[in-house]
Amino acid sequence: MNIKEASEKTGVSSAAIRYYEKESLIPAIDRTAVGNRDIDDRIIRRIRFVTQMRSAGMSVENLRRYIQLFDAQEDNAKEQRALLQEQLAVMEEKRDDLQAAIDHLNYKLNHFYDHMEATEEELRALEREHADKVTKQTDDDQE
């Protein structure tokens, strides 16, 4: 199939497929006699794999390394697993940060009126202090 058909089948843009090929995230794609890409199921599977790993937050560099390990003739399962564990730790940290932000927003929403009243009163007091300070400075300057 051509790149447009592959794009439709995978939901990945033609530009992204070309980028994946250029960055060696998928194998070099065979060409037809007239030079068009001829994408087979093997490439489709690789495109889907790359898309899933990128969605999981894996960097292009780490993904390229993982694919190199996968494509190598020797057993690299330990290194592949280490890359996946590293990515999992990154994603868990992001999840924890996001959960903390969600928890903070939920707290603010659940206590909105309590916080709003206290905060508004505090701001009014600061505005009064500022106004008094400005008035005092103006009076001092006029003397």
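Helix 1 passes helix 3 in a right-handed crossing, and that is a good place to start getting to know this predicted model. Helix 3 is the main thread of this briefing, with its buried residues packing against helix 1, helix 2, helix 4 (60-71) and helix 5 (77-110). A stop at Glu21, in helix 2 (residues 14-22), rounds things off.

**Helix 1 with helix 3**

- The axes of helix 1 (residues 3-10) and helix 3 (residues 41-55) come within 11 Å of each other, crossing at roughly 45°. That angle makes helix 1 oblique to helix 3.
- On the helix 1 side, the residues in contact are Ala6, Lys9 and Thr10. Their partners in helix 3 are Asp41, Ile44, Ile47 and Arg48.
- Sorted by class, this contact of helix 1 with helix 3 holds three nonpolar, one polar and three charged residues.

**Helix 3 itself**

- Helix 3 is built from 15 residues and reaches 21 Å from its first C-alpha to its last, close to the 21 Å expected at 1.5 Å a residue.
- Buried in helix 3 are Ile43, Ile44, Arg46, Ile47, Val50 and Met53.
- A helpful rule when looking at such a list is that an α-helix has 3.6 residues a turn, so residues three or four places apart point the same way.
- Two of these buried residues, Ile44 and Ile47, are also among those that meet helix 1.
- After helix 3 comes Gly57, whose phi is positive, near 90°.

**Helix 3 with helix 4**

- Helix 3 and helix 4 pack with their axes 10 Å apart, at an angle of about 140°. Helix 3 is therefore oblique to helix 4.
- As helix 3 passes helix 4, the crossing is right-handed.
- Helix 3 brings Arg46, Phe49, Val50, Met53 and Arg54 to this contact, where they meet Val60, Leu63, Tyr66, Ile67, Phe70 and Asp71 of helix 4.
- The contact of helix 3 with helix 4 divides into eight nonpolar and three charged residues, with no polar ones.
- Arg46, Val50 and Met53 take part in this contact and are among the buried residues of helix 3.

**Glu21 in helix 2**

- Glu21 has a relative accessible area of 16%, so this residue counts as buried, the cut-off being under 20%.
- Leaving aside residues up to four places away in sequence, Glu21 touches Ile26, Pro27, Ala28, Ile29, Arg31 and Arg37.
- Leu126 lies 105 residues from Glu21 in sequence, and their C-alpha atoms are 60 Å apart in space.

Definitions and conventions:
Residues numbered from 1 in each chain as written. Predicted model: local features only at pLDDT ≥ 70, side-chain atom pairs only at ≥ 80, totals over all residues. Heavy atoms only, no water. Axes fitted to C-alpha atoms, helices over the stretch in contact; angles between N-to-C directions. Helix = DSSP H or I, 4+ residues; strand = E, 2+ residues; numbered from the N terminus. Parallel < 35°, antiparallel > 145°, perpendicular 65-115°, else oblique. Left-handed = near helix turned anticlockwise from the far one by under 90°. Contact = heavy atoms within 4.5 Å. Nonpolar A, V, L, I, M, F, W, Y, C, P; charged D, E, K, R; others polar. Buried < 20%, exposed > 50% of the residue type's maximum accessible area, 1.4 Å probe, protein only. Expected span 1.5 Å × (residues − 1).
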